[in-house]
Structure formats: structure tokens, C-alpha cells
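Let's work through a few exercises together, one small step at a time. Keep the sequence and the 3D view at hand as you read.

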Amino acid sequence: MNFITTTEQLAAACTRLASFPVITVDTEFLRETTYYPLLCVVQLASADEAVVVDALAPGIDLKPFFELMANDQVLKVFHAARQDIEIVWHRAGILPHPIFDTQVAAMVLGYGDSIAYDQLVERITGHRPDKTHRFTDWSRRPLTEEQLHYAVSDVTHLRDVFAALDADLKKRGRSDWVSEEMEILTSPKTYDFHPERAWERLKTRVRKPRELAVLMEVAAWREQEAQSRDVPRNRIVKDESIGDIAVHAPTSLERLANLRSLPKGFERSKWGADVVAAVQRGLARDPQTLPKIEKPRNNGNGAAIVELLKVLLRMTSERHAVASKVIATVDDLEQIAADDNADVGALQGWRRELFGEAALALKHGRLALAIDKGKVVRVDRED
């Protein structure tokens, strides 16, 4: 293991790593008190070596690492890559490419929904990684020998996991399935958190255009504030409070003070007037410019259709040894029940071939489900 604390050491290591067709990558970061992840450590490994990079070392420039992430000649292997990729995107404005996510590959191969790294390593290699330092404070210096050992083991075990999964994907003819998922994972749309779209992340249900307009403005204000101050969103206003504000639309500090979901005295804080201003902007919006409010699904026969689709999904998952979560979500099923042309993953690419076409056939009576010898089976029906 090579511990790197200078730009020169990092540049030399990245030059060596770039000569290999495949490398494994992991990061250690903190996010509890910030909006953006604080990158503390980077781990990299080739077939020949493993390095641990102190990303907080005084004077170190991570440019060689970012250039390696952008090198199209090197496949970068991660496990649960999204947050690692987000760090690179935020720090350098680039997306690692090409990549391979072992968690996604494991789901495609039937290892279960979102399997944890240590569980995957144990199932493939028989080795049980020590996860004692998973939640350690990686910003504290100096790093201990135990931390360094933990960090390097993540990328060295990942080499064996990748080799096993890659071989299995090729054997089953599913490599293209993972490639489709990697294109989504490396799309800029996945990581562009524009404040005006912040409301889409909220689970709050609004029923009226007026409520939606206020929700959009308050959520956008909170996102901008969190980004500019680099603090977690909920440190400013909690999600449930935004929903409460959208419904009651307080246009004065006095009315804002009456909301029980806000901390006592919030209206007197530096953010009280900002929230009222955002509410007023929302109320002033032209309703014609707002997105359509989705009507609740699962009314009437819709709920029964969704339940049948759930049975088909589970049957498909078990038959093909693919995690159900990676094939379709409950939201996908609800949208399919309501619309044959729903813009959902389950009706696109390999998912449509595996499940989507059968789901539409079931919905329209061209396919039935039956029980044969204690198992659910599909029965194709003639028109």
C-alpha cells in the first residue's frame, strides 16, 4: 500500500494506474454538516498496486486524480458509485467514464436489492471485511494504521468482486444491461441539482396550484441557501415544514409564527423574512406556468392492476434472478397501470424486454397469472 500526501506522488501513481485497463476506486467523505460532501480520502487500485490518497493533505492538488477519472481508456470500478461520482462532479466538473458499479451489477445478477459492499465481498470471496471504521471521522489527522488498512482493503477486495461479476454478466449475456445503467449513472442530469427543481425531491403532496407554486418557491430558496452556505437542507428548514408552509402560505411574519412545524422564534431569524418573500413570489406566479398536479393513482381498478403487476414483478425477478428493485419500482407500476406510454425505466431498454411488455400484456388481458404446483406462472392468452 502506497500512502500519498503530495501532488507529485499522486501524479506518478495516476500515471502508473492509467496504464491498466481496469482500476478500482473508492472515497471516504463526510456530509453530516455540509451540503456538499467533504472529500477526505481517495483509494485506488490496479492489478499491481493499491494507493491511499490523503485528499486533505496541505497543498495537495487532486488534478491528476480527476484526469484519471476522465480517462476513457481506463474502466473505473466502484461500489454504489453515485456519491463518489457526485464528489468528482462537484470538485472538477467532470463525470468518471467509463465506469462499472458492482452494486448495480449484483442487482442485475440476483444478489438482492442494493446489497452492501461487505455482504457482496463475503458472498463472492468468502472474506468478511472489517467495517469497524466505516463511520470513523475521516477528516481527523493523522490517519491511523487501522484506517489506512480499512481504506485499502475496500479497493483490493473490489478487484475480486469485479472479476467475478463481470465474468457472470458475460456468461449470462447481461453486460449490456449494466452498460445501460452506467450511462444513466454518468449523465449530468443525475447530478445537476438546480434550485428550481428542488421541489421534485420532496415527498410532500400538494392538491392545489396555489400550494404547488408556494412549494416550488420555498424549496428553491432553501436549496440556494443550502448551497451558498454549504449546509444540509434540513439545517435551514425541514421538509415537513416546507409542506406546511405550502399549505398555509403565510404572507407575514405573524402568520409564519403560527406554524407549529417551525421552531419557536423562527420568524425572528435571518430566514423568516426570506420565507415570507418566497411565499409571496409563489402566490404571484401565473398558474398556467405551473406543472400539472398528478392526481392520486390507484383509484378504482387501478389498485388491483398494481397488485397484479407486483405479482408479475416478483415472479419475473425470481425466474430471471434479477433484483426486483432494479427492474421496476412501485411508482413505475402505478404509472404503468395509469398509462401504457408512461416515461418509466420499466418500459425502456432491457427492462421492457424482461418485464415491461409482459406488464402491458397483463394489464390488457393478453396475459394471465395462474398457480401451477404451488408456483405462480404466466399464461399467454390468444386474442
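**Exercise 1. Find out how strands β7 and β8 are arranged.**

Solution. Keep in mind that you are looking at a predicted model.
- Step 1: Locate β7 at residues 367-372 and β8 at residues 375-380.
- Step 2: Check the pairing. The two strands run antiparallel and are joined over six bridges. In one of these places, D372 has K375 in β8 as its bridge partner.
- Step 3: Look at the turn. Two residues lie between β7 and β8, giving a hairpin. In that turn, K373 shows a positive phi of about 55 degrees.

**Exercise 2. Describe the salt bridge between R141 and D54.**

Solution.
- Step 1: Apply the cut-off, which asks for a side-chain nitrogen of Lys or Arg within 4 Å of a carboxyl oxygen of Asp or Glu. For R141 and D54, the closest N and O atoms are 2.7 Å apart.
- Step 2: Place both partners. R141 sits in the loop between α5 (117-125) and α6 (145-172), while D54 belongs to strand β4 (residues 50-54). With 87 residues separating them, the pair links distant parts of the chain.
- Step 3: Put the pair in context. The count of salt bridges comes to 19.

**Exercise 3. Inspect the backbone at P142, P98 and A80.**

Solution.
- Step 1: Stay with R141. The peptide bond joining R141 and P142 is cis, with omega about 5 degrees. P142 lies in the loop between α5 and α6.
- Step 2: Move to H97 and P98, where the peptide bond is also cis, with omega near -10 degrees. The loop between α3 (82-92) and β6 (99-101) holds P98.
- Step 3: Turn to A80, which is not a glycine and yet has a positive phi of about 55 degrees. A80 is in the loop between β5 (75-78) and α3.

**Exercise 4. Explore how domain 1 and domain 2 meet.**

Solution.
- Step 1: Mark the domains. The assignment gives domain 1 (2-190), domain 2 (195-289) and domain 3 (301-380).
- Step 2: Look at the contact, which takes six residues from domain 1 and eight residues from domain 2.
- Step 3: Consider the area. The two domains bury about 600 Å² between them, with 48% of it on carbon and sulfur atoms. On the domain 1 side, T33, Y35 and Y36 supply 79% of the area buried against domain 2.
- Step 4: Check the interactions. Between domain 1 and domain 2 there are zero salt bridges, but four residue pairs are in polar contact.

Key. Residues are numbered from 1 along each chain as its sequence is written. This is a predicted model: local features need pLDDT of at least 70, side-chain atom pairs count only at pLDDT 80 or more; totals for chains, interfaces and linings use all residues. Side-chain values use heavy atoms; hydrogens and water are left out. Domain bounds come from an automatic or database domain assignment. Contact means heavy atoms within 4.5 Å. Buried area is the accessible area (1.4 Å probe) that two parts lose on being put together, summed over both. A polar contact is a pair of N or O atoms within 3.5 Å; within protein, one must be able to donate a hydrogen and the other to accept it, and residues adjacent in sequence count only if both atoms are side-chain atoms. Two strands pair if DSSP finds at least two bridges between them. Helices (H or I, at least four residues) and strands (E, at least two) are DSSP runs, numbered from the N terminus.
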